[in-house]
Amino acid sequence: MLIAHKIALDPTNMQATYFARACGTARVAYNWALAEWQRQHAARKAEPTLPAPSDVSLRRNLNAIKREQFPWMFDVTKCAAQEAIIDLGSAFRAFFEKRGRYPRFKRKGIHDSFCAANETGTFRCDGERIKLPVIGWIRMREAVRFSGKLKRVTVSREANRWFASIMVDTDGIEPVVQPLDCIGVDLGITTLATLSNGMDIPGPKPHKALLKRLRRANKALARKRRGSRNSVKAKRRLGRLHARIGHIRKDALHKATTMLAKTYRRIGIEDLNVRGMSRNRCLARAILDGGFFEFRRQLEYKARFYGATVVVADRWFPSSKTCSCCGSVKAELALSQRVFQCDDCGFVAGRDHNAARNLEHIAASSAVSACGETRSGAEHKPRVKRASKKQEPNSEGVA
Ligand SMILES: [Zn+2]
């Protein structure tokens, strides 16, 4: 199983300068190869017998002219240029298979990175340090947490800090025996998630907490003359703030998803139509803040790690409008109504808590059907009028 593990680096000034140069080399190689790809592709239109461009042939082409045209590329590891062209090949493959957009030219200072593959022991890790080609040992903020073969490392810059993303082909993660059986998780806006056992996972709400500082940094940047040294500094300050917010958010998500995957054997979640919801401007900020996509992605891969099962409820399952006690469905439940009250059995619960309990039932019933027995209680999937924003149809399909 391949895992990417991203760790902050503590480079010396000299090492950081080397990183910047290696990123520059990778960028130039990528852009050169993209231009060359386009040129060879156009030439083939006139002369179809010419070979089609590929990352393999382009790497050979670059090596042939490197000493003449790009002698400074020899200052950094040869991996920087080679891996950049391999990445271009992957980008084209993704484009041909309709998984990605057409590759674009890279710009300096935006997603600066370079890679090194570990085919012949190009890099290795030893505790809290990593040995990269040419530059040698670099301090890391923590050790690699997975055992296995180190396949590739990507060194990237984010808000003027350096990170190594290490791809590990892990030989197996310690299996976890989850102590508890089923849980339902309702992702929310005010809290990160509500669990069916009545607990809340409070969201970090980084945007709200840091919004004031963010506004001030934005204003400071707006007052600077464009292109001036001070505007560069203000921009950097703003970038650091954005990165910090992103990290806080990611950390909360990681902790929540790890806890769930290690504690419960079956986790019921909702198939949220995030794209449809993002179109609602009021909800969009909160949703992007809460990272609904990211929550599901993390939960699914961690469940695979630890042997848990994620059960995704049907897109149209009215999790908020169904009574988690007797199963009757309300026709209408406004988004502003935070308390669910059943007209049939009189069950009262918080709106999100009720939804989480319904999702738990779905997770539990899928366990029964997986064992070959008949689906019981939670079989009810009544069709009701779509009234809630959550259940808006989406012509673009599942994200
Ligand atoms: Zn009821």
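This is a guided tour of a predicted model, moving from its zinc site to two groups of paired strands and the helices that pack on one of them.

**The zinc site**

Begin by selecting the zinc ion together with C323, C326, C342 and C345, whose SG atoms coordinate the zinc ion at 2.3 Å. If you display the angles at the metal, the 4 donor atoms subtend 107 to 112°, and the arrangement is therefore tetrahedral. Along the chain, these donor residues follow the spacing C-x2-C-x15-C-x2-C. The pair C323 and C345 links distant parts of the chain, 22 residues apart: C323 lies in the loop between strand 12 (309-312) and strand 13 (339-341), while C345 lies in the loop between strand 13 and strand 14 (348-350).

Now colour these two cysteines by accessibility. C323 has a relative accessibility of 2% and so counts as buried, whereas C345, at 38%, counts as partly exposed.

**Strands 1, 6 and 7**

Next, select residues 161-170, which form strand 7, and add residues 2-10, which form strand 1; the two pair in the antiparallel sense over 7 bridges. To find your place in this pairing, label I7 and look across to A164 in strand 7, which stands opposite.

Then add residues 148-158, strand 6, which pairs with strand 7 in the antiparallel sense over 10 bridges. Here E158 stands opposite R161 in strand 7. The hairpin of strand 6 and strand 7 has 2 residues between the strands, and a backbone torsion check there will pick out A159, which takes a positive phi near 50°.

**The five-stranded sheet and its helices**

Move on to the open sheet of 5 strands, which has mixed pairing and the order 10-9-8-11-12. Its edge strands are strand 10 (200-201) and strand 12, each of which pairs on one side only. Within the sheet, select residues 180-187 for strand 8 and residues 193-195 for strand 9, which pair in the antiparallel sense over 3 bridges; a useful label is V185, which stands opposite L195 in strand 9.

With the sheet still displayed, add residues 229-263, helix 5, which packs on the sheet and touches strand 8, strand 9, strand 10 and strand 11 (264-269). The direction of helix 5 makes about 125° with that of strand 11. Finally, add residues 292-306, helix 8, which also packs on the sheet, touching strand 8, strand 11 and strand 12. The direction of helix 8 makes about 140° with that of strand 12.

How values were computed. Residues are numbered from 1 along each chain as its sequence is written. This is a predicted model: local features need pLDDT of at least 70, side-chain atom pairs count only at pLDDT 80 or more; totals for chains, interfaces and linings use all residues. Side-chain values use heavy atoms; hydrogens and water are left out. Donors are N, O and S atoms within 2.8 Å of the metal (3.2 Å for Na, K and Ca); water is not among the atoms, so sites may look incomplete. Four donors count as tetrahedral if all angles lie between 85 and 135 degrees; four count as square planar and six as octahedral if opposite donors are over 155 degrees apart and all others between 65 and 115; anything else is irregular. Helices (H or I, at least four residues) and strands (E, at least two) are DSSP runs, numbered from the N terminus. Buried means under 20% relative accessible area, exposed over 50%, partly exposed in between (1.4 Å probe, protein chains only). Two strands pair if DSSP finds at least two bridges between them. Contact means heavy atoms within 4.5 Å. Axes are lines fitted to C-alpha atoms, for helices over the stretch in contact, and angles run from 0 to 180 degrees between N-to-C directions.
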